[in-house]
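Here are a few worked exercises to try with the structure open beside you. Have a go at each task before reading its solution.

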Amino acid sequence: MTYILIALVASSFIFEYWLLTKINKIEKEKFRLQKALFALNQDLTTFQAGISRDTKSQKDELLVEMKRVQKKVDVMRRDIINSLPTQIRKTIGHIEFSQKA
């Protein structure tokens, strides 16, 4: 009877040791996974910040280019409007000259 009790106590200690080792392995794996997820989160945050910066710089470049094109259009429009009376006089002069002949 005492041998059975000693065997049961010994087997319970062995079982408890086995469970504790399993729990420790699971906790170590959990720690590694948390560390990996944290690193992944940092990479994602860095990537998003980079995309945000790239988008902002592209937007700024686009605004500068748009202003440059708008300025060219304004200059061309001004030149056309300023030269319009001259063009009209030339055209009317040709029409009047052709009617006299």
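A salt bridge here is a side-chain nitrogen of Lys or Arg within 4 Å of a carboxyl oxygen of Asp or Glu. Keep in mind that this is a predicted model.

**Exercise 1. Work out whether R68 and E65 make a salt bridge, and describe their setting.**

Step 1: check the distance. The N to O separation between the side chains of R68 and E65 is 2.3 Å, and the cut-off is 4 Å, so the pair counts as a salt bridge.

Step 2: place the two residues. R68 and E65 sit about one helical turn apart, because they are three residues apart in helix α1.

Step 3: look at the exposure. R68 has 38% relative accessibility, so it is partly exposed. E65 is partly exposed too, at 37%.

**Exercise 2. Do the same for K56 and D60: what is their N to O distance, and how many residues separate them?**

Step 1: the side chains of K56 and D60 meet in a salt bridge at 3.5 Å, N to O.

Step 2: both residues belong to helix α1, and they are four residues apart, or about one turn of the helix.

Step 3: sort them by exposure. Exposed means over 50% relative accessible area. K56 has 53%, so it is exposed. D60 comes in at 36% and therefore counts as partly exposed.

**Exercise 3. Find the salt-bridge partner of R78 and say how many salt bridges the whole structure has.**

Step 1: the partner of R78 is D79, with the closest N and O atoms 3.5 Å apart.

Step 2: R78 is partly exposed, because its relative accessible area is 47%. D79 is also partly exposed, with 40% relative accessibility.

Step 3: searching the whole structure gives four salt bridges.

Step 4: for the wider charge picture, count the side chains. The chain carries 18 positive and 11 negative ones, and the centres of the two sets are 4 Å apart.

**Exercise 4. Is the chain compact or extended? Use the radius of gyration and the spans.**

Step 1: start with the secondary structure, which is one helix and zero strands. Helix α1 covers residues 2-100.

Step 2: compare the radius of gyration with the globule rule. A compact globule of 101 residues would be near 13 Å, but this chain has 43 Å.

Step 3: check the spans. Along its principal axes, the C-alpha trace runs about 140 × 20 × 10 Å.

Step 4: try one pair. L84 and S11 are 73 residues apart in sequence, and their C-alpha atoms are 107 Å apart in space. L84 itself lies in helix α1 and is partly exposed, because its relative accessible area is 44%.

Put together, the radius of gyration of 43 Å, against near 13 Å for a compact globule, argues against a compact chain.

**Exercise 5. How much of the chain is buried, and which residues form a nonpolar patch on the surface?**

Step 1: of the 101 residues, 1% count as buried.

Step 2: take the total surface. The accessible area of the chain is about 10,000 Å², and 68% of that belongs to carbon and sulfur atoms.

Step 3: pick out the patch. F15, W18, L19, L20 and I23 form it, with about 490 Å² of accessible area together.

Step 4: zoom in on one member. F15 is in helix α1, and its relative accessibility is 49%, so it counts as partly exposed.

Technical notes:
Residues numbered from 1 in each chain as written. Predicted model: local features only at pLDDT ≥ 70, side-chain atom pairs only at ≥ 80, totals over all residues. Heavy atoms only, no water. Patch = residues over 30% accessible without salt bridge, like charges linked within 9 Å, V, L, I, M, F, W, Y side chains within 5 Å. Areas by Shrake-Rupley, 256 points an atom, 1.4 Å probe, with all protein chains shown as cover. Helix = DSSP H or I, 4+ residues; strand = E, 2+ residues; numbered from the N terminus. Buried < 20%, exposed > 50% of the residue type's maximum accessible area, 1.4 Å probe, protein only. Rg over C-alpha atoms; globule rule 2.2 N^0.38 Å. Lys, Arg positive; Asp, Glu negative; His and termini not counted. Charge placed at Lys NZ, Arg CZ, Asp CG, Glu CD.
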